[in-house]
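Trainee: I have a model open and would like to talk it through before I go back to the bench. Can we look at it together?

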Amino acid sequence: VMFDYGMIENIFETNSSEAFSYLNMSSILYFIIFGVLPSIFIFKVKIVRSQHLLKEIFLRISLVLFAIAGIGLIALFFYKDYASVGRNNSYLNKMINPAHIFNSVKYINKTYLTEPLVYKSIGEDATLETAKNGKPTLMILMIGETARSQNTFYNGYPRNTNPYTQGMGIISFQEVSSCGTATAHSLPCMFSNMTRGNYNKQRANQQDNLLDVMAHAGINMLWLENDNGDKEVAKNINKINISANSDSPFCDGSSCYDEILLADIDKQIKANNGNQLIALHIIGSHGPTYWKRYPESKAAFKPACNRSDIENCSDQEIMNVYDNTLVYTDYIISQTILKLQQYSNDYNVALIYLSDHGESLGENGLYLHGAPYAVAPDEQTKVPWFMWFSEDYAQEKGFNKQCVVNKTTQKGLSHDNLFHTVLGLFGVKTAAKDNSLDIISSCKLK
């Protein structure tokens, strides 16, 4: 684990449910055997100090000077070799102790001790185009958790991890990169109008995002939370946090199956009139307690790794349990589409699903996620992005559906496109929208 700024951010912004998912007998024994016991032995060592303080200072200064001389000799004879290593592997400075102390202080200073930036409004000029049939729009934006593109059946994975949505008309974009490798970074980034290259979290938290711009256009907004928090993305709109202590059969006190997000969806839709966007933040494939993300009845692949100390499972068992989470997410997507179809007489309906980041499942010895982006493998940065809408939706909104389908293999798509594409798909006009980043912009009918 590299304790860079992003990892410190993850530590500070987690919650008890996520933190305790890493607690198991193996981790407790490791802590006791390799942490507590050695610390006790070291504590009991008697240190005999020299009576000559000046002698001790001299020896320490001599040691430092000797080390500096050694570094100087290495630089003199091998600078070329080491210079290239440092330049090509800048992440190495994050592995130097005490890098974690530096990054902790940096995070605390930026988050709690630095005066916030002045809040910036964006897209206050937003207006909504009227659909040709005059019906309002109902869109569900589902934000996945830890789903990776490599295990998506629609993107060439040999296992069928999308059995429930087959035949429903899912449009799957195959070359999509995430903004980060952890939710704390990716979520606010993907909803901002900034690209990954110029993203600044402090600025993102102090300005309007996609949801705010759509609210400016008069669209009713709602965020339903079943993961580890909205990371300030939904701070200005209506939000409902699902409690794991709910007496719902979908909850066990520590987490809830994503199906709970659909339990009251009819009531939430009927509570508003006119154009609506409902964002579902699902827990999806969050590990290491993968088996807690789906009911046993949806376990398509066995044997599965039904434990949090995944180092004690085979790679195949880990792959099985992870793929089961994707199958269950596909089930949730299918149920959401069926629900939207029930409202198609009164609304123009559409669904977007996009994962926040991927997951490592043992490739190159890596597991879970959160690696520094510069060295993160594709498994952590390539994510699935689905769209669903009917032919009628495309016609009423004035774009060519087949043109959108043809873009599924387009290279270079990323979280950078979400802000502008959702505005385009919904029909929102604003100066804040960059048509070059709107996937469907070139598919608009003249």
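Trainee: Let me start with a single residue: is E124 buried or exposed?

Mentor: Bearing in mind that this is a predicted model, E124 is exposed, because its relative accessible area is 59%. E124 sits in the loop between α5 (99-113) and β1 (127-128), and its C-alpha atom is separated by 6.7 Å from that of V213, a residue 89 places away along the chain.

Trainee: And Q207, is that one buried or exposed?

Mentor: Q207 counts as buried, because its relative accessibility is 3%, where the cut-off for buried is under 20%. Q207 is in the loop between α7 (201-205) and α8 (210-216), and a polar contact of 3.0 Å joins its side chain to that of N193. Leaving aside residues up to four places away in sequence, Q207 touches several others, including Y119, K120, M194 and D212.

Trainee: Switching to the sheet, in what order do the strands run?

Mentor: The open sheet has 7 strands in the order β3-β11-β8-β2-β7-β5-β6, with mixed pairing. At its edges are β3 (171-173) and β6 (238-241), each of which pairs on one side only, and neighbouring strands are turned by 15 degrees against each other on average, direction ignored.

Trainee: What packs on it, then?

Mentor: Helix α6 (residues 183-191) packs on the sheet, where it touches β2, β5, β7 and β8, and its direction makes about 155 degrees with that of β2. Helix α10 lies across β2, β7, β8 and β11 (385-389), and runs at about 165 degrees to β8.

Trainee: How many residues of β2 are buried?

Mentor: In β2 (residues 137-144), 8 of the 8 residues are buried. T137, M139, L141 and I143 point one way from the strand, while L138, I140, M142 and G144 point the other way, and all of them are buried.

Trainee: Which strands is β2 bridged to?

Mentor: On β8 (residues 348-355) there are 8 bridges to β2, and the two strands run parallel; there T137 has N348 as its bridge partner. On β7 (residues 276-281) there are 6 bridges to β2, again with the strands parallel, and I140 is partnered with I278. I278 is also the bridge partner of L222, which belongs to the pairing of β5 (residues 220-225) with β7, parallel and made through 6 bridges.

Trainee: Back to α10, how many of its residues are buried?

Mentor: Of its 28 residues, 21 are buried, so α10 is largely enclosed by the rest of the structure. The helix covers residues 315-342 and reaches 41 Å from its first C-alpha to its last, close to the 40 Å expected.

Trainee: Which salt bridges involve it?

Mentor: One is between R159 and D323, with the closest N and O atoms 2.8 Å apart. R159 lies in the loop between β2 and β3 while D323 is in α10, so this pair ties together parts that are 164 residues apart in sequence. D323 counts as buried at 0% relative accessibility, whereas R159 is partly exposed at 21%. Another joins D266 to K339, at 2.9 Å between the closest N and O atoms, and because D266 is in helix α9 (residues 265-270) and K339 in α10, it ties together parts 73 residues apart in sequence.

Trainee: How many salt bridges does the structure hold?

Mentor: It holds 13. Among them is R60 with E56, whose closest N and O atoms are 4.0 Å apart; both residues lie in helix α4 (residues 53-88), 4 residues apart, about one turn of the helix. R60 is exposed at 51% relative accessibility, while E56 is buried at 16%.

Key:
Residues numbered from 1 in each chain as written. Predicted model: local features only at pLDDT ≥ 70, side-chain atom pairs only at ≥ 80, totals over all residues. Heavy atoms only, no water. Buried < 20%, exposed > 50% of the residue type's maximum accessible area, 1.4 Å probe, protein only. Pairing = 2+ DSSP bridges. Expected span 1.5 Å × (residues − 1). Axes fitted to C-alpha atoms, helices over the stretch in contact; angles between N-to-C directions. Contact = heavy atoms within 4.5 Å. Polar contact = N/O pair within 3.5 Å; in protein donor to acceptor, adjacent residues only side chain to side chain. Salt bridge = Lys/Arg side-chain N within 4 Å of Asp/Glu carboxyl O.
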